[in-house]
Amino acid sequence: MSKVIHVAVGVILGRDGRILIARRPDHLHMGGRWEFPGGKVEAGESVQEALTRELREEIAIDVEAIQPLTEIRHEYPEKTVLLDTWWVTAFSGEPRGLEGQETRWVARDELDHYQFPDANQAIIEAIQHSKVTG
Ligand SMILES: Nc1nc2c([nH]c(=O)n2[C@H]2C[C@H](O)[C@@H](COP(=O)(O)OP(=O)(O)OP(=O)(O)O)O2)c(=O)[nH]1
Ligand SMILES: [Mg+2]
């Protein structure tokens, strides 16, 4: 019955090694929590296309290079998501929340200080174990 929602997620690496997080608008699923920007893969779209589109729509950057990070499947009571998560190692533009979201650059070892959706714990561990540094 419950289908898995495929989500393209970008872990955006700044030149100083920090990572961009954004606060989900209150009215959305997991509203108020911090996230790595991204959104649902639409029909006919590849995950890379979705990632590029979502990061342009949400935070006004153009993706130039990505590397796979991890895939996390998580069952929330209301839905199941597959977070298809990519490092964004090069981009153009200056990120800003086009949908009014607060954004923040944080050091890798400070991610634990923010409240993310439950599925993200596994992403944060993958980041902290990854050798990608930009
Ligand atoms: N973008 C993003 N979504 C996440 C993260 N962690 C997590 O559990 N999710 C969940 C929340 C949502 O149920 C789903 C992503 O949906 P979304 O609301 O970002 O999708 P979207 O940008 O396409 O938005 P919309 O068109 O539905 O308004 O994945 C994360 O770090 N980033
Ligand atoms: Mg989104």
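Visitor: Hello! Where does Met 30 fall: buried, partly exposed or exposed?
Guide: Welcome! Met 30 has 16 C-beta neighbours inside 10 Å. A residue needs 20 or more to be buried and 12 or fewer to be exposed. The count for Met 30 lies in between, and therefore Met 30 is partly exposed. Keep in mind that this is a predicted model, in which Met 30 counts as partly exposed.

Visitor: In which part of the chain is the place of Met 30?
Guide: Met 30 stands out by its backbone, with a positive phi of about 65 degrees although it is not a glycine. Most residues other than glycine have a negative phi. As for its place, Met 30 sits in the loop between β2 and β3.

Visitor: What is the strand order in the open sheet of three strands?
Guide: The edge strands are β3 (34-35) and β7 (103-106), each pairing on one side only. Strand β2, residues 19-23, pairs with β7 in the antiparallel sense over four bridges. Put together, the order is β3-β2-β7.

Visitor: Which residue of β7 is the bridge partner of Leu 20?
Guide: Strand β2 covers residues 19-23, and its pairing with β7 is antiparallel. Leu 20 has its bridge partner in β7, and that partner is Trp 105.

Visitor: Over how many bridges do β1 and β6 pair?
Guide: Two of the matched positions give a feel for this pairing. Ile 5 stands opposite Val 81 in β6, and Gly 10 has Trp 86 in β6 as its bridge partner. The two strands, β1 and β6, run in the parallel sense, and their bridges number nine.

Visitor: Is the pairing of β5 with β6 parallel or antiparallel?
Guide: A hairpin joins β5 to β6 through four residues. Gln 67 stands opposite Trp 87 in β6. Strand β5 spans residues 62-75, and its pairing with β6 over 12 bridges is antiparallel.

Visitor: Which residue in β4 is the bridge partner of Ala 8?
Guide: Besides β6, strand β1 also pairs with β4, in the antiparallel sense and over three bridges. In that pairing, Ala 8 is matched in β4 with Gly 39.

Visitor: Which strand gives the most residues to the shell around ligand 1?
Guide: The ligand has 16 residues around it, with Glu 35, Gly 38, Gly 39, Lys 40 and Pro 117 the closest. Strands β1 (4-12), β4 (38-40) and β6 (80-92) each supply at least two residues of this shell. The top contribution is three residues, and it comes from β4.

Visitor: Which class of residue has nine members in that shell?
Guide: The shell around ligand 1 can be split into three classes. Four of its residues are polar and three are charged, while the class with nine is nonpolar.

Visitor: What span does helix α1 reach from its first C-alpha to its last?
Guide: Helix α1 takes in residues 47-59, a run of 13. At 1.5 Å a residue, 18 Å would be expected. The model comes close to that, with a span of 17 Å.

Visitor: Which strands do the buried residues of α1 pack against?
Guide: The buried residues in α1 are Val 47, Ala 50, Leu 51, Thr 52, Glu 54, Leu 55, Glu 58 and Ile 59. Their packing partners are β1, β2, β4, β5, β6 and β7.

Visitor: How does Ala 60 count: buried, partly exposed or exposed?
Guide: Ala 60 comes just after α1, in the loop between α1 and β5. Its phi is positive, about 60 degrees, although Ala 60 is not a glycine. Within 10 Å there are 13 other C-beta atoms, so Ala 60 is partly exposed.

Visitor: How far apart are the C-alpha atoms of Ala 122 and Leu 13?
Guide: Ala 122 belongs to helix α2, residues 120-129. Ala 122 counts as partly exposed because it has 16 C-beta neighbours inside 10 Å. Along the chain, Ala 122 and Leu 13 are 109 residues apart, yet their C-alpha atoms are separated by 18 Å.

Visitor: Which residues does UniProt list for "domain: Nudix hydrolase"?
Guide: The label comes from an unreviewed UniProt entry. The stretch it covers is 18% helix and 40% strand in this model, and its end C-alpha atoms are 26 Å apart. In that record, the domain is listed for residues 4-129.

Key
Residues are numbered from 1 along each chain as its sequence is written. Chains are lettered from A and ligands numbered from 1 in the order in which they are written. This is a predicted model: local features need pLDDT of at least 70, side-chain atom pairs count only at pLDDT 80 or more; totals for chains, interfaces and linings use all residues. Two strands pair if DSSP finds at least two bridges between them. A residue is near a molecule or strand if its C-beta atom, placed from the backbone, lies within 6 Å of it. Ala, Val, Leu, Ile, Met, Phe, Trp, Tyr, Cys and Pro count as nonpolar, Asp, Glu, Lys and Arg as charged, and the others, Gly among them, as polar. UniProt positions are given in the numbering used here, feature names are shortened, and annotations may be inferred rather than shown by experiment. The expected span of a helix is 1.5 Å times one less than its number of residues. Two residues are in contact if their C-beta atoms, placed from the backbone, lie within 7 Å.
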